Amino acid sequence: MKTFPAFIAKEENGTIVSTIQQITKEDLPPGDVLIEVHYSGVNYKDALAAKMGGGVVSQYPLTLGIDLSGIVVESAVSEFKTGDPVIVTSYKLGVAHDGGYSQYARVPSEWVVPLPDGLSLKEAMIIGTAGFTAAQSIHALESAGLHLGQETVLVTGATGGVGSMAISMLANLGYNVEAVSRKKDQSENYLQKLGATTVLSIEDVQLPKAKPLAKPRWSAIIDPVGGPQLAPLLAQLHYSGAIALSGNAGGLKFEATVLPFILRGTKLIGIDSVECPIELRKNLWQRLATDMKPTHLEDMVDQQINLTDLPLAFSKILAGKMTGRTLVKIK
């Protein structure tokens, strides 16, 4: 291991410039586990990290990539040994600590999850941070009272990474799933193949007139979009229903009243995959290898790329033109 490629973003003249550079092991940040990276993924947060004013990185230069899967090549802790297949997602990876868009990555052992039986390194990164966030959302809804036999679960942003994964997971678990997408006409077949029983447009879930409460339609909602559409979704939840909110692609603000909460007992649950406790993280990855494992994983791969293709992939995801997951093959 002399030099190896890494996709590094740096600030130059008021803008962010990203290039592939040859670096050495000595250039990597501190950590007690060194990993040969095989795969990473493209997430909305990765694209924001490569954009001036994206709001997710405080200091450049930085190797981007908020998730990775690979093989341990050096370890200073007994929990991991050379040759172990592992996953790293979230924490400071790719936003405040050099990330997964590199042939090698060094990280704290507290961030590392053993690859569960039933998942390959490739499958783990098709799932990636997006799939983990979907699993965390389902877990939160189940903890809030969602169970089989109830009414329909709605998934917004359905063609995105979180949405696509959530649909497949929910369908595999036996839930009835409705999907909403701005690209209904182009994506209906894809979403039905994943397990959605009905595909809706944005107009189908909006209200003709803004009101705090409307006819109940869904027992639970997985929403990786956020923004103004959150208010009409709250208004259409069944009694004691819940929304798991994990993203802000639709905007940072929404305007609603307290009535859904105090008259229907609804719940708005924030999903933060970054600081998810390690024991829950390990448990959810076990479920992602078993009862929550999405079917049609390969069908969710919009494209497989290498490091040189990342800028184009970032533009695509920021423009809302990406369907499913973009897999980054490092090794």
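# Notebook: burial, helix packing and backbone in a predicted model

**Entry 1, Ser69.** I began at Ser69, which is buried, with a relative accessible area of 0%. I note at the outset that the model I am reading is a predicted one. Ser69 is found in strand β5, which takes in residues 67-75. I then looked up what surrounds Ser69 and, leaving aside neighbours within four places in sequence, I found contacts with Glu36, Val37, His38 and Tyr39, with Val86 and Ile87, and with Leu121, Ala124 and Met125. Of these partners, I noted Leu121 and Ala124 in particular, since helix α2, to which I turn later, covers residues 121-143.

**Entry 2, the chain as a whole.** I stepped back to the overall figures before going further into single sites. The secondary structure comes to nine helices and 16 strands. Along its principal axes the C-alpha trace spans about 65 × 45 × 35 Å. For 331 residues a compact globule would have a radius of gyration near 20 Å, and the chain has 20 Å, which agrees. Buried residues make up 53% of the 331 residues. I also looked at how far along the sequence the contacts reach: of those with a separation of 6 or more, 70% are between residues 24 or more positions apart.

**Entry 3, helix α2 against helix α3.** At what angle do the axes of α2 and α3 cross? I read roughly 55 degrees for α2 (residues 121-143) and α3 (residues 161-173), whose axes come within 8 Å. Angles from 35 to 65 degrees fall outside the parallel and perpendicular classes, and α2 and α3 are therefore oblique to each other. The crossing in which α2 passes α3 is right-handed. On the α2 side, I listed Ile126, Ile127, Ala130, Gly131, Thr133, Ala134, Ala135, Ile138 and Glu142 as the residues that make the contact, while α3 brings Gly161, Val162, Met165, Ala166, Met169, Leu170 and Leu173. Sorted by type, the residues of this contact are twelve nonpolar, three polar and one charged.

**Entry 4, helix α3 against helix α4.** I followed α3 to its contact with helix α4, which covers residues 184-194, and found the two packing at an angle of about 40 degrees with their axes 8 Å apart. This pair, α3 and α4, is therefore oblique as well. Here Ser164, Ile167, Ser168 and Ala171 of α3 meet Tyr190, Leu191 and Leu194 of α4. The residues of this contact divide into five nonpolar and two polar, with no charged residue.

**Entry 5, backbone details in loops.** Which residues does a cis peptide bond join? I found Tyr60 and Pro61, with omega at about 0 degrees. Pro61 is in the loop between α1 (44-49) and β4 (62-63).

I next looked up Ser90, which has a positive phi of about 70 degrees although it is not a glycine. Ser90 lies in the loop between β6 (85-89) and β7 (104-107), and at a relative accessible area of 6% Ser90 is buried.

His296, also not a glycine, has a positive phi of about 60 degrees. The loop that holds His296 runs between α8 (278-288) and β15 (301-305). Is His296 buried or exposed? I recorded neither, because His296 has 34% relative accessibility and so counts as partly exposed.

**Entry 6, Val274.** I returned to Ser90 by way of Val274, which is found in the loop between β14 (267-270) and α8. Leaving aside neighbours within four places in sequence, Val274 is in contact with Lys45, Ser90, Tyr91 and Arg281. I also checked the distance from Val274 to Thr129: the two are 145 residues apart along the chain, and their C-alpha atoms are separated by 9.3 Å.

**Entry 7, Ala313.** My last site was Ala313, in helix α9 (residues 310-318). Is Ala313 buried or exposed? With a relative accessible area of 2%, Ala313 is buried. Not counting residues up to four places away in sequence, Ala313 touches Val42, Gln303, Ile305, Met322 and Thr326. For the pair Ala313 and Val42, I noted a separation of 271 residues in sequence and 7.3 Å in space, C-alpha to C-alpha.

Terms used. Residues are numbered from 1 along each chain as its sequence is written. This is a predicted model: local features need pLDDT of at least 70, side-chain atom pairs count only at pLDDT 80 or more; totals for chains, interfaces and linings use all residues. Side-chain values use heavy atoms; hydrogens and water are left out. Axes are lines fitted to C-alpha atoms, for helices over the stretch in contact, and angles run from 0 to 180 degrees between N-to-C directions. Angles under 35 degrees count as roughly parallel, over 145 as roughly antiparallel, 65 to 115 as roughly perpendicular and the rest as oblique. A crossing is left-handed if the near helix is turned anticlockwise from the far one by less than a right angle, and right-handed if clockwise. Contact means heavy atoms within 4.5 Å. Ala, Val, Leu, Ile, Met, Phe, Trp, Tyr, Cys and Pro count as nonpolar, Asp, Glu, Lys and Arg as charged, and the others, Gly among them, as polar. The radius of gyration is taken over C-alpha atoms; the globule rule is 2.2 Å times the number of residues to the power 0.38. Buried means under 20% relative accessible area, exposed over 50%, partly exposed in between (1.4 Å probe, protein chains only).
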